[in-house]
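Thanks, everyone, for making the time this morning. I would like to walk through the charged pairs first and then turn to the nonpolar interior, so please keep the model open as I talk.

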Amino acid sequence: MQFDIVRGKISKPEQCRQLISVIRQYMKDNDETGTLYLGYPLTANADEAIMVEALWVTKNKGMVAFIFGDSQDSVLLLKEQQDSLYYNIDFYLKKYSSLRKGRNLAFAPLVITVVPNEVRCSDENNEYIFCKNEEIASYIEDFDGFDKTVYKRLCEVLQKVSEIKPRKKRINVKKPDSYGAIIKKIEKEIANLDQWQKKAAFEMPDGPQRIKGLAGSGKTIVLALKAAYLHTQFPELKIGVTYYTRALYQQYFNLISDFVQDMSGEKVDWDSLDVIHAWGSNSEQGIYSNMATRVGFRAYNLTSAISKFGRMNPFEGCCDELLSLITSEYEPEYDVMLIDEAQDMPSSFFRLIYSNVKEPKRIIWAYDELQNLSNVEMPSLEEMFGVDENGSLNINIENRDDEPRRDITLPVCYRNPPWTLALAHALGFGLYHKPVIQMFDDLKVWRDIGYTVKSGKLKENNTVQLSRKNVSTPEYFEELLSKEDSIKLHKFDAKEAQYSWIASEIKKNIVNDELDPDDILVIFPDTYTAKREYKELQKFLNAREIKSILAGVDTDRDTFRVNGCITCAHVYRAKGNEAPMVYVVNADYCAEEMELIKLRNILFTSITRSRAWVRICGVGVNMEQIEKEYNDCVSNNFDLRFRVPTADELKAARRVNRERTSKEKQLVENVKANINELILQLEHGIVEPELVPELSKLINLLEKK
């Protein structure tokens with residue numbers, strides 16, 4: 001049995017509580033699978049938005065819509081209520097060909113009015129059902145008019161995800177087993193929300209909500225759906241949706257527009273719903289820049305922020321400074337704020353958000369720690385939102401029974417095959433690196449994100465073997481893809497050889513594998529050299545008549561794909577996007593250097609852009625380290641086998657692998673240069689060891705370290 005309760009806008013809490021009790025017992029007694037939606041937004045007719053007070057969907061019985069009726073109302077009024085709701089359900093569902101059979105629906109929905117007292121009703125055709133809570137089960141038992149094969153399609157429509165299915169026709173696909181044919185099948189999979197996504201999308205606690213999710217777990221879809229749901233059900237609220245990667249704007253704009261149209265039949269009122277960048281500038285709207293304007297402060301753009309605060313964390317410097325200007329007199333602008341990519345935001349940004357959202361502080365933030373391209377750790381709740389005068393947290397995300405969830409983890413990855421995700425975690429954490437590069441503070445997060453302990457113990461200083469749970473992986477990956485073909489690693493002696501091979505492979509992908517050019521994404525891990533490296537790769541692509549773009553350079557900053565062109569991008573531009581085929585070039589950049597936490601997060605983010613196939617390419621000696629870790633993961637059949645570091649080891653790893661200031665980097669480079677010079681002098685006998693007594697001191701110091 002899998003029974004979910006999704007708590008939306010509840011207008012009659014006591015009737016809901018009683019209904020939940022009855023239905024929960026029925027589901028248990030009958031070992032039934034399904035979902036009870038409370039406050040379900042159906043759609044809109046010409047006059048009003050239609051809300052179903054309770055909608056129950058089960059695998060064996062189909063759909064039941066409940067009206068919480070009043071026994072004092074006339075029978076005529078009660079019948080009219082049922083007629084109206086049935087008509088609206090029938091009208092809405094018939095829009096979807098997948099739910100029709102001939103001219104009618106493929107099943108008959110039930111509409112039941114739940115009343116506290118008996119209602120006498122003459123009904124020759126038995127069309128109307130008026131009953132008390134305790135009588136519901138008997139009416140359901142007598143109903144046997146549902147085709148179980150319709151269940152998944154019905155869920156797809158009710159969860160409002162039918163509108164996000166890909167619109168690509170892929171008319172060029174002719175071969176049954178080509179990459180194009182495979183991705184076409186993957187894209188056609190019915191897009192049902194899982195039990196965690198449903199709660200994240202439709203439940204709104206009376207306060208903040210945290211959504212943790214893997215790469216590809218649907219965080220963006222969930223936030224867009226939640227924004228649309230809140231906008232249609234609470235049109236009086238001012239809602240903001242913010243993010244860090246600029247390329248997400250168009251994605252959010254399109255998704256929210258589609259969802260709102262589906263829920264209400266109307267267009268978005270963009271005066272009440274902002275899709276707005278976290279930063280902004282004097283010329284572009286952003287959370288930070290708008291707040292700065294409201295307090296009479298001139299906002300920094302990226303260039304001026306780097307000049308003032310340095311290159312490491314310029315946005316943090318901006319937010320810290322602005323936060324000092326926000327007083328208790330500041331008037332909040334928003335009723336609800338949804339934050340994507342929260343892992344990229346500094347703690348002071350969340351405090352700005354806290355000041356900019358009205359009570360009861362409906363702040364929803366979604367994140368994936370490993371997609372943080374600067375620091376591995378999310379700030380604590382205290383750092384993010386502060387404490388009150390008693391030292392208690394300003395916000396509470398503790399889950400409570402029979403209430404909307406405040407803390408949700410999305411453990412199922414729909415974008416990446418399980419072996420791809422496991423490899424990304426292996427390389428991202430450096431689990432096969434000596435020593436491990438980084439680790440979750442809370443080890444139970446491994447279970448939360450869909451891993452199970454295969455052997456050993458998930459405890460400090462113990463060796464453990466983790467494997468992806470079957471329930472955390474859609475079945476179609478195993479059915480349509482193979483581990484050997486999904487992930488491949490290639491090491492080259494020179495960049496020219498690497499780029500030549502990539503261009504040849506892309507040509508094969510388009511000509512032989514039946515992928516479209518815009519199915520292919522090339523990612524450069526090093527942001528600062530991406531433009532130069534792209535120009536080198538472009539020569540080889542042009543020689544094979546392959547059109548390409550460098551996202552954000554050859555296009556405006558909100559455009560990531562162009563029909564007929566492969567997309568090339570640095571990792572910061574690629575984040576938030578995906579493609580069936582991904583080429584990670586110059587992966588050696590992430591192998592052995594300072595700031596390994598940041599570099600391995602870059603590698604993790606790059607790999608997890610892939611929907612089906614990824615090619616990890618690199619050059620030279622450093623690539624040997626990535627190759628070794630890759631081979632270790634493959635030899636363990638894509639399980640994660642490692643010794644869990646102790647608290648002291650983890651602290652040391654964070655200290656060594658942390659992000660560095662430019663001054664610190666220069667200091668390390670100077671030390672390395674001096675040591676290399678000393679080694680050279682000693683090797684050639686130019687300097688005698690006896691003349692450098694400091695060597696003994698250095699050796700002793702290193703042994704102690």
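Across the whole structure, which is a predicted model, a search finds 33 salt bridges, and I will take three of them in turn.

In the pair of Glu 53 and Lys 12, the side chains meet at 3.2 Å, N to O. This pair links distant parts of the chain, since Glu 53 sits in strand 3 and Lys 12 in the loop between strand 1 and helix 1, 41 residues apart. Glu 53 counts as buried at 17% relative accessibility, whereas Lys 12, at 28%, counts as partly exposed.

Next, Lys 575 and Asp 344 form a salt bridge whose closest N and O atoms are 2.3 Å apart. Both residues lie in loops, Lys 575 between helix 20 and strand 21 and Asp 344 between strand 12 and helix 12, so the bridge ties together parts that are 231 residues apart in sequence. Lys 575 is buried, with a relative accessible area of 2%, and Asp 344 is buried as well, at 14%.

The third pair joins Asp 441 to Arg 654, with 2.8 Å between the closest N and O atoms. Here Asp 441 is exposed, at 53% relative accessibility, while Arg 654 is partly exposed, at 21%.

Turning to the interior, the largest nonpolar core has 89 residues, and Trp 446 and Ile 616 have the most contacts inside it. Helix 14, residues 418–429, gives the most to this core, with eight residues. Among the residues that Trp 446 touches are His 425, Phe 429, Leu 640 and Phe 642. A second, separate core has 62 residues, including Ile 50 and Cys 155.

Terms used. Residues numbered from 1 in each chain as written. Predicted model: local features only at pLDDT ≥ 70, side-chain atom pairs only at ≥ 80, totals over all residues. Heavy atoms only, no water. Core = buried A, V, L, I, M, F, W, Y, C linked by side-chain atoms within 4.5 Å. Buried < 20%, exposed > 50% of the residue type's maximum accessible area, 1.4 Å probe, protein only. Helix = DSSP H or I, 4+ residues; strand = E, 2+ residues; numbered from the N terminus. Contact = heavy atoms within 4.5 Å. Salt bridge = Lys/Arg side-chain N within 4 Å of Asp/Glu carboxyl O. Lists of a residue's contacts leave out its neighbours within four places in sequence.
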